[in-house]
Amino acid sequence: MERSAQRLGRALVVIVNDRVVHGENEDTTGPLVTELLEEAGFIVDGTVAVAGETVEIRNALNTAVIGGVDLVITVGGTGVSPRDVTPDATLGVLDRPIPGVAEALRASGLAAGAVDAGISRGLVGVSGSTLVVNLAGSRTAVRDGMATLSTLVPYIIEELSGL
């Protein structure tokens, strides 16, 4: 996402974290994703925190798609525990999955030492003309995931802008 001289579009960040929603923990990944997106040339509409509930995640994704953002990135809830339902909620929103990008995120995350990224069930796909990306919840997974997306997202956004 290095074409920062040119605006790539609008983005929304969705943090899936029960503790953040209930005020027990501070959100440390939302500001990081926002910073990286802005450096990449996106206008970030905001960060939304939701509990790890399928309906809440799906509502946040649908709101982003209906709102016309070009990219929505979710952070968290992609693991294997019963509370990790982000991929399940995302599946119900996607029109077309892009499995190669999700696999690239897992492979690069594991290589970078982000175990949560390596075992992530996260999905990447398209809903309408919005690219939806699930990232694992650690800061390492976020940093590596955003680096991996840097060359792919501008191409995908360009392809989707013709819709």
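**Exercise 1.** Determine how helix α5 is placed against helix α7, and which residues make the contact.

*Solution.* Step 1: the axes of helix α5 (residues 99-111) and α7 come within 9 Å and cross at roughly 130°. Axes are lines fitted to C-alpha atoms, for helices over the stretch in contact, and angles run from 0 to 180 degrees between N-to-C directions. Helices (H or I, at least four residues) and strands (E, at least two) are DSSP runs, numbered from the N terminus.

The model is predicted: local features need pLDDT of at least 70, side-chain atom pairs count only at pLDDT 80 or more, and totals for chains, interfaces and linings use all residues. Residues are numbered from 1 along each chain as its sequence is written, and side-chain values use heavy atoms, with hydrogens and water left out.

Step 2: the angle makes α5 oblique to α7. Angles under 35 degrees count as roughly parallel, over 145 as roughly antiparallel, 65 to 115 as roughly perpendicular and the rest as oblique.

Step 3: V101, A104, L105, S108 and G109 of α5 meet D144, G145, T148 and L149 of α7, where contact means heavy atoms within 4.5 Å. By class, these residues divide into four nonpolar, four polar and one charged.

**Exercise 2.** Describe the packing of helix α2 on α7 in the same manner.

*Solution.* Step 1: the axes of α2 (residues 29-40) and α7 (residues 139-149) come within 10 Å, crossing at roughly 15°. Therefore α2 is roughly parallel to α7.

Step 2: from α2, the residues T29, L32, V33, L36 and L37 meet R139, V142, R143 and M146 in α7. This contact has six nonpolar, one polar and two charged residues.

**Exercise 3.** State the strand order of the sheet and identify the strands at its edges.

*Solution.* Step 1: the open sheet of six strands has the order β2-β1-β3-β6-β5-β4, and its pairing is mixed. Two strands pair if DSSP finds at least two bridges between them.

Step 2: β2 (42-50) and β4 (96-97) each have a single partner strand, so one side of each is left without a neighbour in the sheet.

Step 3: within the sheet, β1 (residues 9-16) and β3 (residues 71-75) run parallel and are joined by five bridges; V13 stands opposite I73 in β3.

**Exercise 4.** Locate the helices α2 and α8 relative to the sheet strands.

*Solution.* Step 1: α2 lies across β1, β2 and β3, running at about 165° to β2.

Step 2: α8 (residues 152-160) lies across β2, β3, β4, β5 (124-127) and β6 (130-135), and runs at about 150° to β6.

Definitions and conventions
Nonpolar A, V, L, I, M, F, W, Y, C, P; charged D, E, K, R; others polar.
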